[in-house]
Amino acid sequence: MAHSHPILPISPGGVRIERVVTSGVFELDGGSWEVDNNVWVIGDDNECFVIDAAHEPVTILSVVGDRHVLGILCTHGHNDHINAVPELVSHTGAAAYLHPADRVLWDQAQEAAPDGELADGQTFAVGDVELRVLHTPGHAPGACCFHVPALDVLFSGDTLFNGGPGATGRSFSDFPTIIDSIRDDLLTLHDHTIVLTGHGDATSIGAEKPHVQEWLDRGH
């Protein structure tokens, strides 16, 4: 794990979080960009969830190992976060979950529909912890974050980064909406909540909270 990332908590029951950095191409609105993505695996020795199946299925599966995959949770439908979903579904038999508002993006990259839908307030259990779905539109209409209260961790996808909100300059995104999502649903969490992002370095709620006015002033 990179030195820029905090030491992540482990639950009393042994649920841990592993970071997999994968590389590939993000495509939207006719453009393409080389990107590195954070793929997160949360679970114990027996079972796990994969958060965002990006680019390199073999690399992700090597971290999963022989564990039972309970599901593939997609923070949003941009191709760089879902392009390894078919291979992971095929290899693990796990269902892939997406918020229905992001089908417009999903369908640009995938032929098959997602297996399940995410909804605000929905919970998923692994070992002795729960992941709670927070619908946080703005970067994408169906963008979701996953809060793990027992570990004081938030998987923020591309909604909140170390340094501010996710990008809102392309199709199906909106800056006032992402600000509302961050302010109402994320910055209300404990300041010490670790924020594990879709790209780049981790941060915390407390580190980002003082900067909302700066984001508003710069407009992104």
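## Exercises on a predicted model

N79 is a buried residue, with a relative accessible area of 12%. Keep in mind that the model is predicted; now let's work through it together.

**Exercise 1. Find where N79 sits and what its side chain reaches.**

Step 1. Begin with the helix: N79 belongs to α2, which covers residues 79-82.

Step 2. Check the burial. Buried means under 20% relative accessible area, and N79 has 12%, so it counts as buried.

Step 3. Look for its surroundings. Leaving out residues up to four places away in sequence, N79 touches V25, F26, E27 and A109.

Step 4. Pick out the polar partner: the backbone oxygen of V25 lies 3.1 Å from the side chain of N79.

**Exercise 2. Describe the largest nonpolar core and follow L73 into it.**

Step 1. Nonpolar side chains tend to be buried together in soluble globular proteins.

Step 2. The largest nonpolar core here has 24 residues, and those touching the most other members are I17, I42, L73, L131, F146, F155 and L196.

Step 3. Next, ask which elements supply it. Two or more residues come from each of β2 (31-43), β3 (47-51), β7 (123-126), β8 (129-135), β9 (144-148), β10 (153-157) and β13 (194-197).

Step 4. Zoom in on L73. Beyond its neighbours within four places in sequence, L73 has contacts that include F49, Y97, L118, F124, L131 and F146.

**Exercise 3. Work out how β7 is arranged and how it meets β8.**

Step 1. Sort the side chains of β7 by face. F124 and V126 point to one face and are buried, while T123 and A125 point to the other and are not buried.

Step 2. Find the pairing: β7 and β8 run antiparallel, joined over 4 bridges. Within this pair, V126 is opposite V129 of β8.

Step 3. Inspect the turn. The two strands, β7 and β8, make a hairpin with 2 residues between them, and G127 in that turn has a positive phi of about 55°.

**Exercise 4. Decide how many disulfides the model has, and explain the case of C144.**

Step 1. The cut-off is a pair of cysteine sulfur atoms within 2.5 Å. By this rule, the count is 0 disulfides.

Step 2. Try C48. Its nearest cysteine sulfur belongs to C74 and is 14 Å away, and C48 is in no disulfide. C48 is also buried, at 0% relative accessibility.

Step 3. Try C144. The closest cysteine sulfur, in C145, is 7.6 Å away from that of C144, so the two are too far apart for a bond. C144 is likewise buried, with 1% relative accessibility.

How values were computed
Residues numbered from 1 in each chain as written. Predicted model: local features only at pLDDT ≥ 70, side-chain atom pairs only at ≥ 80, totals over all residues. Heavy atoms only, no water. Core = buried A, V, L, I, M, F, W, Y, C linked by side-chain atoms within 4.5 Å. Buried < 20%, exposed > 50% of the residue type's maximum accessible area, 1.4 Å probe, protein only. Contact = heavy atoms within 4.5 Å. Pairing = 2+ DSSP bridges. Polar contact = N/O pair within 3.5 Å; in protein donor to acceptor, adjacent residues only side chain to side chain.
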